[in-house]
Amino acid sequence: MARQISTLLSVGLIALGMILMLRKQDLSSFVTQLHASFMNPASEFDNNGKPIPFVYVGLNYTMGKGASAHLLPYLCMKNDRVVVLTNVPQLQPQTLGSCVEIVDISATYRQSIEQVAWRQDFPRPQRVFFDRWYVIRDWMRATNTPWIFTTDSDALVTVNITALAQHNADTLASRRFWIHLEAPRSCWPFAFLSLEFLDDITSFWRTLMRPDVWTTDNVAKFGINDMIALGIYISLNEYPNHSCLFWDNQSQQSPGSCDTAYSDHGILKRLVEHNAKAQYPAGSLAYDGHGRPTFLGPGHGIVDKNYLHDPTGSYDIHVRSRQKKLRFSNGQPLLALKNGTWLPHWGYILEDALENCVDVHMQHLLNHHNCTCQDFCCRSCRPWATQRHS
C-alpha cells in the first residue's frame, strides 16, 4: 500500500508540473500521455549504470569534416561520451572533441560484415549502410553495452542523451528501439537502440535478403536500403495490421492497406511463409500520430529528419521556399505547426547545402537567441519579444 501511495504521489507531482507547462497544449493529449506513463510505472530501462554512449560509425570515412567538425565539439558540451567506431585512421580525439573516444574496429570489421547476407544484384553503395548496424551490434556485445544512441554525422542534437533517457526511463523501457517513424516510412538518423533489437533485426535480415523473399523483381522496383529493410521489420511485427497512418494515398491509410516498399504485401507474405519473426515493436522519436511529443519534459519535444518533408501534414510550411519554419527560444529550436504553436525539437538534420549553415545554428544555440529564421539556414534571424512557446 505504501508503495502504491508513493507511486500515486509521484505521478501527481509530475502531472502538476506538466499542467503548468501546458499553456495552449490540448489537455486531452496530456491526459493520454499521463495515462501511458502511469500504466508503466516500473522502468526496465538500464544501461548497466553507465552514461548512454553517443555512437558514430566512420567506415572508410573520417570524422571531423563538414558538419561534424562543428557538431562534435558541441556534443561534448552536452554529453559525457561520444564514441566513433571506425576502420580507418581518424583525427586525434582532442581535435574532434573533449569527450570523443576513437575505437579502432578494423580487426573485427571483416568478421562483422561477413554476416550480412549481401547479394550481387543489390545496389553496392547501400552496403555500408547495412554494415554499420553489424559493427555497432558487435561492439555492444564486446563491451556489454545494453543501449546506445546514434545519429547521422549531419544531425544536430541539443540535449544530453543520458539525461533525456533517464527523464523518460519508463517510456524508453516500453520499446527496445526508438527511431524516426512516420508510418509506414521509417528511418534512423536518430535512434535509441538496444542490443536485443540489433541482434533480432540483423538475424531477420538474413531471411529478408533471400532471393525467394526479396526477389529480383523487388530489387528492380525498390533496390534495397536499410530504411526500407527497417520498415519491413516494423510492418512484419504489426502484420497484418501494420500502420499506414501517414501514407500519401488517403484511401490507403487504414491499417494494413498501404502497399509500399516499407510494407510490401508480397514481401511480408513470403516472410510469413518462411516463419520469419520481428520481435520488437518500434517507438517513434517523431510524432505519435496525434501531434504529441513522445518524450516528456521541459525542452525535449521531438526530432525532425528533413526540413522539406512533411508526411504527417502537421508542420507550417513556407509558401515560397517550401521549408519548415524554424525559430529559437532562448537557444531552443522550435518548428512551427499548422495549429499556430511552435514545438520544441531536440534533434534535426542539416544536410547537403545546409551543412554550410551549422556554424550559424551553433551561434543561435550557444548565445541563447530569441529569433525567427527567414529560412532554415537561418543566417537571417528576426528577433522576437516573447520567450514563451507552446
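**View 1. Strand β6 and its partner β7, residue by residue.** In this predicted model, Phe 177 has Leu 193 of β7 as its bridge partner. Trp 178, in turn, is matched with Phe 192 of β7. Strand β6 covers residues 177-182 and β7 covers residues 185-194, and the two pair in the antiparallel sense over five bridges. Strands count as paired if DSSP finds at least two bridges between them. Helices (H or I, at least four residues) and strands (E, at least two) are DSSP runs, numbered from the N terminus. Residues are numbered from 1 along each chain as its sequence is written. Because this is a predicted model, local features need pLDDT of at least 70 and side-chain atom pairs count only at pLDDT 80 or more, while totals for chains, interfaces and linings use all residues; side-chain values use heavy atoms, with hydrogens and water left out.

**View 2. The turn between β6 and β7.** Follow the chain out of β6 and you meet a hairpin that leads to β7 through two residues. Pro 184 sits in this loop, and a cis peptide bond links Ala 183 to Pro 184, with omega about 10 degrees. Most peptide bonds are trans.

**View 3. The whole sheet around β6.** The open sheet has seven strands in the order β3-β2-β1-β4-β7-β6-β8, and its pairing is mixed. β3 (100-104) and β8 (283-284) stand at the edges with a single partner strand each, so one side of each has no neighbour in the sheet. Helix α9 (residues 195-208) packs on the sheet, where it touches β6 and β7, and its direction makes about 135 degrees with that of β7. Touching, or contact, means heavy atoms within 4.5 Å. Axes are lines fitted to C-alpha atoms, for helices over the stretch in contact, and angles run from 0 to 180 degrees between N-to-C directions. β6 and β8 run parallel and are joined by two bridges; here Ile 179 stands opposite Ser 284 in β8. Six of the six residues of β6 are buried, so this strand is largely enclosed by the rest of the structure. Buried means under 20% relative accessible area, exposed over 50%, and partly exposed in between (1.4 Å probe, protein chains only).

**View 4. Where helices α11 and α12 cross.** The axes of α11 (residues 226-238) and α12 (residues 265-273) come within 10 Å and cross at roughly 65 degrees. At their contact, Ile 232, Ser 235 and Leu 236 of α11 meet Ile 267, Leu 268, Leu 271 and Val 272 of α12. These residues divide into six nonpolar, one polar and no charged. Ala, Val, Leu, Ile, Met, Phe, Trp, Tyr, Cys and Pro count as nonpolar, Asp, Glu, Lys and Arg as charged, and the others, Gly among them, as polar. In the loop between α11 and α12 you will find Pro 240; the peptide bond from Tyr 239 to Pro 240 is cis, with omega near 5 degrees.

**View 5. Gln 90 in its loop.** Look for Gln 90 in the loop between β2 (82-86) and α4 (93-96). Gln 90 counts as buried, at 16% relative accessibility. Not counting residues up to four places away in sequence, Gln 90 touches Gly 58, Tyr 61, Thr 62, Met 63 and Ile 102. The C-alpha atoms of Gln 90 and Gly 58 are separated by 8.8 Å, with their positions 32 residues apart along the chain.
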